[in-house]
Structure formats: C-alpha cells, structure tokens
Amino acid sequence: MAPSAISPIPDYKLSLQDLKSVDQSLGAAQNPCLHHGVAQSLSKQLIANALKARVDAVDPDTCDPGDDDAFFVADLGEVYRQHLRWKKNLARVKPHYAVKCNPDPRVIHLMKELGLGFDCASMNEIETVLNMGVDPSRIIYAQPCKTKAYVRYAARAGVKQMTFDNQDELYKVKQLSPDAELYLRIMTDDSASLCQLSNKFGASTNDTGDLLELARKLSLNVVGVAFHVGSGASDPSAFIKAVQDARFVFDQAEALGFTMHTLDVGGGFTGDASFEAMAAVLSSALDDYFPPSIRVIGEPGRYYVATAFTIACSIIGRRTVNDATLGTTSYMLYMNDGVYGNFSCIPFDHQKPTPRVLKCASDPVNTFLYDSHVSGYDTPGMTEYSIWGPTCDGIDKIPDTHCFQQVINVGDWLYFEDMGAYTKCSATPFNGFPAAHDTVYVCSEPGAAALLDL
Ligand SMILES: Cc1ncc(COP(=O)(O)O)c(C=O)c1O
C-alpha cells in the first residue's frame, strides 16, 4: 500500500450536546453544577445501599466460603460524568479507553455506547472489545512491541491502527500486517508521573528520522505519532514538550512523503481537580502546533474509572498488640484482600488506598458507617491498626497505620474508595485466594442508565 493511503475513520457518535440532551430528556438538571452536586449525593446513596445490602446479608459464622469475599460497587454514572467532563475540557481529543486499566465488561459496554474508541495492548483485549460489537476501526493496538501471533490475529480481525518504536517491529509489521496504519511512539519526559513508561517504550527524536526512512523503504503506511507522558502525570509541561516533539516528527514524516493525519496523546490524565488545568495546557499546545485538520486521539485509562469503583473487604483475623511500656493496645487486622489481589495497585501503581470503616458490629451508635464523615481519622488517641492481606507474605500489607474510633473485630468490614484503576486487572490467585471478585453495579446518571438499558 502507498504510504499516503488513508482509511476513513468514522467520527464516533455522541457529542457533548447529544449527551446533554439524553440527560435532559430523562429529566436530569440542566445546570451542570447543580446536576453535579445532585448526582454526587445520589451516587453516595446508591453505593451505600449496595454496600449495606451485601454486607448485611453475610453472617461470617454461618456463611458459605465465598459469600463474605471482598466485592466492588461500581457507579457507572461516575464513568459517564467523567466522559462529559472530558468532552467539555478536551473536545478535540477523541478518547480511546485504555482497556488494560480496568477491562470491566459493563464499563466497556458503556464506553462503546458513548462512542469511545479503545486502546488495546494484547489479543485478549482486542477480542474482548470486538466481542462487544465494536468496529475494528475504533481500536488502536497501542503496544510498540507486539507478539507475532497477536499481530496476525489483529490483521485478520481488521484492526489496522498500531504503534511501533523500533526497526525490528517495522520488519514484523511488514511481514504480518503490511496494510497497518502505523503510529510512531516517541519518548517523553515522564519523570513527574506515578508510573513511568518511557524507560521501556518510545523512540528518541534522534532516531525517528531513521525509523521513518525504513518504514518508507518497506512501503509501510505511517499515519501518525503517539506518546504517553506517564501514568498519573502531574506536570502539564510534559504535554507541551511531547506535542512539540510530535510536531517535529510529523514534519520529518511529511518531508518523506507520508500523509500524517492523527496525533495520539496517550493517557496519563488523573480524575482529580488537576484535570482541567492539564486539559487546558494540552488543548492550547494542540492548537499551537496542529491544525484542526489533524485528528487527535487519546488513550485515557485511570481518568475514566478510578473514582467509579469502591471495594468492601471483610476482616478475617485480628491480632492484639499490647505495649507494656507505653500501656497501649493496638491491633493487626487481616482482611480478605491484599496486594496479591485488588490491592495490587499498591506495588504496581504506587497507590496508598485509604481504609474506612464500613461495618462495625460493636459500634454503640451505628454499625453501618459508610460515608459517615467520622471525624478524627488518624487523630492521636484513637485505636491504631495495621492492616494486612490474607496471604502468607509479609509484604501483603496496606501502607501506613490507621486510627479508627471503633474497635474493629473479625466479621467487621472496611471499604476503600477510588479503586477502579489498575486493581482487579492485576489481581492474582496467589495462595489460592480468588483473583476475581463480584461487582455490584449502580448508576447515578439516567443518561448512562438509558444507554445501558438498565
Ligand atoms: C500505551 C498506553 N496507553 C494508555 C495507558 C493508560 O494510561 P492512564 O491510565 O495513565 O491513562 C497506558 C498505561 O500504562 C499505556 O501504557
């Protein structure tokens, strides 16, 4: 195929206006701020109901194995709200959800209905998305060093967009998927991110010229540039430098005769309050360096799902620690999930999940404590706990010690918010504990519920 050939890429459906009108037709408030506050409190209420129903149904003294396993509650309305926020702040960037972050089938289904594309890193991820009825043109195989058999699979399945960053990969693509639409992944300064990726992937701008020349010699079709500023990025200037470098590579490629039509700005976005500022910097860099005719896509993962998932874990064991010198009593609590399970986000994603008391049978006022705004978490004088996972390994521990007003015992429950990103996707069955946990779905947004026929 001639290097300049461009396959038409459909503009995925649903604009911000469409999404608002879905909401309005379902009676959601038109004022986005008001709507946001109302939706947040509805979200809390729905999550509370789901948590309570499940934990109240479990009696640790009589239940069957598995009944008291850790479980998630996911608010799909939160994913939907994040999408509205994306459309508002990064209207130019077409999101391709990074499936690796949380391949939850309902999340993927909602994203499909919202018109997102998908970033897949393996055959399994591609298959998962295709099996949901997503058109292969909505998928980018964003893995610069791909398994040969997976490239063959992708080519057969019609997935043409893929990334590369080295010569060997170009020969591989030439052999197995010569019609691919290639994105040259470039290195970034990701030093201010939580999880750095440029130590592993991305060509230096010193090498991009040679790579493009080889691609030209092999008659491959390079259509764009991709970068990733590191997962959990915190420095907006990393986006500016990356966009400038991408422009440099676009110019190199165009000088060699390639018709470059797409820039892929990767992931790295967090869902916290820094998103708006990050998006503003990126948007203005895009407008400075790339004309509107250039299509821009992104590969957000964490941004979409982190806040949507809450996990509840039960206490399976407790060890009392008496300090005779200080005259204090503290406790070691053993939960039924840990770093080999959904708390894999601690070693792999550098997270520090915050435990909160969900159910405490001995609490004199209220046994169900979700979102009770108990004052004094971590206040001196309260009961101190260290919290451990269920496996035999000493590293299986929630970081730091924590203080609660309550005296927690076996059979009580803790919960952790913001557990949607890089948690269950990297859970293992180590020691025979389950790697897969139930998810109870709620939906605080009528627009999302309508799209999912809930
Ligand atoms: C190529 C690629 N794209 C996208 C992502 C998603 O990143 P994030 O969750 O930070 O948005 C990752 C994460 O590792 C990645 O490697």
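## Structural report on a predicted model

In this predicted model, C392 occupies the loop between β15 (383–388) and β16 (402–404). An unreviewed UniProt entry carries the annotation "active site" at C392. With 9 C-beta neighbours inside 10 Å, C392 falls under the limit of 12 or fewer and therefore counts as exposed.

**The annotated lysine and the ligand shell**

A further record concerns K100, which UniProt (unreviewed entry) lists for "modified residue: N6-(pyridoxal phosphate)lysine". K100 sits in the loop that joins β2 (93–98) to α4. Its C-beta has 20 neighbours inside 10 Å, so K100 counts as buried. When neighbours within four places in sequence are left aside, the contacts of K100 are A121, E125, G301 and C425.

The ligand is surrounded by 17 residues, of which A98, S231, G267, G301 and R302 come nearest. Two elements, β9 (231–233) and α11 (302–305), each give two or more residues to this shell. By class, the shell around the ligand comprises seven nonpolar, seven polar and three charged residues.

**The annotated domain**

According to the unreviewed UniProt entry, residues 76–306 are covered by the annotation "domain: Orn/DAP/Arg decarboxylase 2 N-terminal". Over residues 76–306, helix accounts for 44% of the chain and strand for 18%. The C-alpha atoms at the two ends of this stretch are 11 Å apart.

**Helices α3 and α4**

Helix α3 (residues 76–89) packs against helix α4 (residues 105–114) at an angle of about 35°, and the two axes are 10 Å apart. The crossing of these helices is right-handed. On the α3 side the contact is made by L76, V79, Y80 and H83, which meet R106, V107, L110 and L114 of α4. The residues in the contact of α3 with α4 comprise six nonpolar, one polar and one charged.

Helix α4 has as its buried residues V107, I108, L110, M111, K112 and L114. Of these, V107, L110 and L114 also take part in the contact with α3. The cover over the buried residues of α4 includes α3, β2, α5 (123–131), α11 and α13 (446–451). Just after α4, G115 adopts a positive phi of about 90°.

**Residues with a positive phi**

Most residues other than glycine have a negative phi. Against that background, S219 has a positive phi of about 55° although it is not a glycine. S219 is placed in the loop between α8 (208–217) and β8 (221–226). Only 11 other C-beta atoms lie within 10 Å of S219, which means that it is exposed.

D418 is likewise a residue other than glycine with a positive phi, near 55°. The loop between β17 (413–416) and β18 (439–442) contains D418. In this case 20 other C-beta atoms lie within 10 Å, so D418 is buried.

**Two further positions**

P236 belongs to the loop between β9 and α9 (237–255). The C-alpha atoms of P236 and M278 are separated by 5.3 Å, although the two residues are 42 residues apart along the chain. Beyond its neighbours within four places in sequence, P236 is in contact with A277, M278 and V281. P236 is partly exposed because its 18 other C-beta atoms within 10 Å lie between the limits of 12 or fewer for exposed and 20 or more for buried.

Y171 is part of helix α7 (residues 167–176). Y171 and H350 are 179 residues apart in sequence, and their C-alpha atoms are 36 Å apart in space. With 13 other C-beta atoms within 10 Å, Y171 is partly exposed.

**Burial of the residues discussed**

The table gathers the burial of the individual residues described above.

| Residue | Other C-beta atoms within 10 Å | Class |
|---|---|---|
| C392 | 9 C-beta atoms | C392: exposed |
| S219 | 11 C-beta atoms | S219: exposed |
| Y171 | 13 C-beta atoms | Y171: partly exposed |
| P236 | 18 C-beta atoms | P236: partly exposed |
| K100 | 20 C-beta atoms | K100: buried |
| D418 | 20 C-beta atoms | D418: buried |

Notes. Residues are numbered from 1 along each chain as its sequence is written. This is a predicted model: local features need pLDDT of at least 70, side-chain atom pairs count only at pLDDT 80 or more; totals for chains, interfaces and linings use all residues. Axes are lines fitted to C-alpha atoms, for helices over the stretch in contact, and angles run from 0 to 180 degrees between N-to-C directions. Helices (H or I, at least four residues) and strands (E, at least two) are DSSP runs, numbered from the N terminus. A crossing is left-handed if the near helix is turned anticlockwise from the far one by less than a right angle, and right-handed if clockwise. Two residues are in contact if their C-beta atoms, placed from the backbone, lie within 7 Å. Ala, Val, Leu, Ile, Met, Phe, Trp, Tyr, Cys and Pro count as nonpolar, Asp, Glu, Lys and Arg as charged, and the others, Gly among them, as polar. A residue is near a molecule or strand if its C-beta atom, placed from the backbone, lies within 6 Å of it. UniProt positions are given in the numbering used here, feature names are shortened, and annotations may be inferred rather than shown by experiment.
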